[in-house]
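User: I'm new to this and would like a close look at one part of this model: the surroundings of ligand 1. Could you walk me through that part and then show me how it fits with the rest of the chain?

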Amino acid sequence: MRVMLVHPSALMYSEIFLRLEPLGLERVAAAARAAGHEVRVVDLQVLPHSLLEREMRSFAPEALGISLNYLANIPEAIDIAREVKSASPGCFVFFGGHSVSFIAEHVLEQAEGAVDAIVRGEGEPAVAPLLEAARYGGLNTVPGVVCADGRGPAPRLLDGLDDLPPARDLMRRRNRYFIGELDPCASIEFTRGCPWDCSFCSAWTFYGRSYRKASPEAAAEEMATIREPNVFIVDDVAFIRPEHGHGIAAELERRRIRKQYYLETRSDVLLRNEEVFERWTRLGLRYMFLGMEAIDAEGLDLYRKRVSPDENFRALEAARRMGIMVAINLIVDPAWDEEQFRLVREFALSVPEIVHLTVMTPYPGTEIWHTEARQLTTRDYRLFDIQHAVVPTKLPLDVFYRELVRTQGVLNRKHLGLSNAFGAMGVLGRNLLRGQTNFARMLWKFSRVYNPERQMADHRRPVRYELPLPTRRDTTPQRQDLYIHTKPQSTRRRAADPEPDGV
Ligand code: B12
Ligand code: SF4
């Protein structure tokens with residue numbers, strides 16, 4: 001079959017800091033290609049919508065799949081599905097990805113026939129049987145699939161990460177992928193899943209708390225095929241198992257591969273495996289996201305982060321010693337008042353790290369989706385991007401946004417202030433000389449994108465598609481009820497796996 005795979009446009013607020021290759025979609029593309037299909041990918045983060053329309057006519061796909069990792073992209077995806085169905089009624093349209101997996105039936109209904117099937121869970125094992133069923137029938141017998149005839153059997157977990165590397169060769173304008181000054185930047189996956197269980201996060205519920213690793217050889221082999229000088233490691237928590245981190249490092253050293261790396265990890269993992277991170281700094285590890293989430297013990301408990309403030313601060317010191325630039329994430333609770341914003345500004349100005357703020361948002365698939373007692377003030381998908389308040393704010397909404405943007409502005413000025421300007425200018429100059437303009441655009445765009453009036457205006461847009469309402473529970477939901485994948489017996493609490501319940 002001729003198969004077109006599409007990634008929706010970049011998210012409005014994060015686009016100024018980053019735009020990264022859709023690795024999940026590339027893996028689905030690789031699986032479809034391996035099953036004998038002719039595949040094209042259009043990433044609307046970096047390609048214009050008009051190109052999609054042109055390719056619909058010239059390539060005339062028999063199937064079109066859209067990636068939905070982000071809730072905020074759902075309205076755009078439904079609109080594309082409607083356009084495709086009205087122009088080519090015979091084209092089989094399907095959705096898949098992280099966020100849509102949790103609300104598949106609801107989205108299918110909202111698309112009113114424009115979407116034929118939604119894949120829940122991992123796309124690689126599902127895509128070939130799905131396309132086969134699209135042609136010969138039996139959609140509701142495909143594992144993970146939801147269609148008008150109901151739900152298929154439970155989704156299947158991919159056996160291992162080593163087979164079928166992502167189809168990076170299908171991507172166009174790769175030079176437009178970047179994160180901060182790492183411009184251009186590719187992405188890679190070393191592990192999949194997270195064994196922790198934070199209440200605001202759906203990473204663990206999607207994978208049923210399973211955790212799989214690529215072999216060090218396959219990971220290094222894949223790295224050797226990446227042309228970009230910079231690489232973002234997409235793992236939820238990098239280097240949980242020290243021997244795995246060391247194993248990949250050894251393979252990269254043997255192949256003399258050196259790049260600049262950006263990764264995400266936890267404070268306790270960093271402290272436990274300092275030598276691994278140290279070794280990676282020699283291979284080019286430059287930046288890391290550390291999900292601190294809260295600066296006080298009460299907040300950390302609330303999010304079930306299973307890390308203490310002391311560990312967080314020791315982790316920052318360790319990263320500083322290693323010369324790694326850390327981006328800290330803190331969750332802003334809509335119940336914050338001016339004083340709490342002031343305290344965060346004070347904290348953020350007292351540390352050399354980059355502090356990033358996200359607004360506490362109950363998402364389908366998370367525990368807080370069911371337990372958050374505050375009612376949603378909006379169900380507009382586009383506002384579920386953790387830059388908007390979707391539950392009542394203690395401050396009037398406009399004052400809340402003023403405080404949020406003011407705090408973000410202070411933090412931004414800190415990073416781009418005089419002390420950093422010379423460093424930033426150096427990076428800027430080098431990037432511009434290589435024709436890379438993403439980082440430069442980011443510096444210009446900040447105040448245009450982040451302003452309280454714009455955020456208020458986002459709330460006033462007419463709403464066509466709304467999220468389902470959560471089923472409220474008085475008690476914490478059963479874990480199994482939250483899971484998309486249920487982990488197979490073989491991956492449960494193996495001795496080699498991290499000890500999530502004991503951390
Ligand atoms: C890496 C990552 C990032 C990276 C960049 C990712 C990128 N390329 O843009 C960084 C750290 C920069 C980032 C930023 C953000 N992220 Co993020 N991110 C992730 C993370 C940890 C892994 C995603 C990934 O690449 N996985 C590896 C690939 C191989 O898997 P995958 O993409 O899920 O694809 C598989 C399936 O989903 C499915 N699939 C995917 N597409 C399709 C398409 C079809 C047709 C089919 C059939 C199947 C299918 O098959 C694939 C293979 O199995 C996820 C959590 C998670 N574990 O999923 C959060 C996650 C997706 N991010 C999240 C959020 C909120 C954000 C931000 C909005 C946060 C912010 N404001 O700063 C930004 C927005 C980024 C943006 N793109 O604009 C949320 C999404 C919440 C939601 N419900 O909308 C998640 C779920 C984390 C969470 N808190 O629970 N993110
Ligand atoms: S450690 Fe990170 S990825 Fe894992 S559940 Fe917590 S927030 Fe999600």
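Analyst: Let's start with the kinds of residues: the shell around ligand 1 has 22 nonpolar, 14 polar and 7 charged residues. Keep in mind that this is a predicted model. In total, 43 residues surround ligand 1, and the closest are Gly 24, Gly 65, Ser 67, Gly 96 and Gly 123. Several elements give two or more residues to this shell: helix 1 (23-34), strand 4 (63-67), strand 5 (92-96), helix 4 (98-102), helix 6 (124-136) and helix 7 (203-206). Helix 1 gives the most, with 5 residues. The shell also reaches across domains, drawing at least three residues from each of domain 1 (2-151) and domain 2 (173-460).

Now for the sheet. Strands 4 and 5, which both help surround ligand 1, also belong to an open sheet of 7 strands with the order 3-1-4-5-6-7-8 and mixed pairing. Strand 3 (38-43) and strand 8 (150-151) are at the edges with a single partner strand each, so each has one side without a neighbour in the sheet. Further along the order, strand 6 (residues 117-119) pairs with strand 7 (residues 145-147) in the antiparallel sense, over 3 bridges. One detail you can look for there: Ala 117 has Cys 147 in strand 7 as its bridge partner.

Ala 117 turns up again when you look at Phe 94. Leaving out residues up to four places away in sequence, Phe 94 touches Ala 63, Gly 65, Val 115, Asp 116, Ala 117, Ile 118, Val 119 and Leu 130. Gly 65 should ring a bell, as it was listed among the closest residues to ligand 1. Phe 94 is also one of the residues with the most contacts inside the largest nonpolar core, along with Ile 118 and Leu 130. That core has 131 residues, and it takes at least three from each of domain 1 (2-151) and domain 2 (173-460).

What about the other ligand? Ligand 2 has Cys 194, Trp 196, Asp 197, Cys 198, Cys 201, Ala 203, Trp 204, Asp 236, Val 237, Arg 266 and Gly 291 around it. By class, that shell has 7 nonpolar, 1 polar and 3 charged residues.

Finally, zoom out to the whole chain. It has 20 helices and 17 strands, and buried residues make up 44% of its 503 residues. Of the contacts between residues at least 6 apart in sequence, 77% join residues at least 24 apart.

Notes: Residues are numbered from 1 along each chain as its sequence is written. Chains are lettered from A and ligands numbered from 1 in the order in which they are written. This is a predicted model: local features need pLDDT of at least 70, side-chain atom pairs count only at pLDDT 80 or more; totals for chains, interfaces and linings use all residues. A residue is near a molecule or strand if its C-beta atom, placed from the backbone, lies within 6 Å of it. Ala, Val, Leu, Ile, Met, Phe, Trp, Tyr, Cys and Pro count as nonpolar, Asp, Glu, Lys and Arg as charged, and the others, Gly among them, as polar. Helices (H or I, at least four residues) and strands (E, at least two) are DSSP runs, numbered from the N terminus. Domain bounds come from an automatic or database domain assignment. A nonpolar core is a set of buried Ala, Val, Leu, Ile, Met, Phe, Trp, Tyr and Cys residues joined through C-beta atoms within 7 Å. A residue is buried if 20 or more other C-beta atoms lie within 10 Å of its own, exposed if 12 or fewer, and partly exposed in between; C-beta atoms are placed from the backbone. Two residues are in contact if their C-beta atoms, placed from the backbone, lie within 7 Å. Two strands pair if DSSP finds at least two bridges between them.
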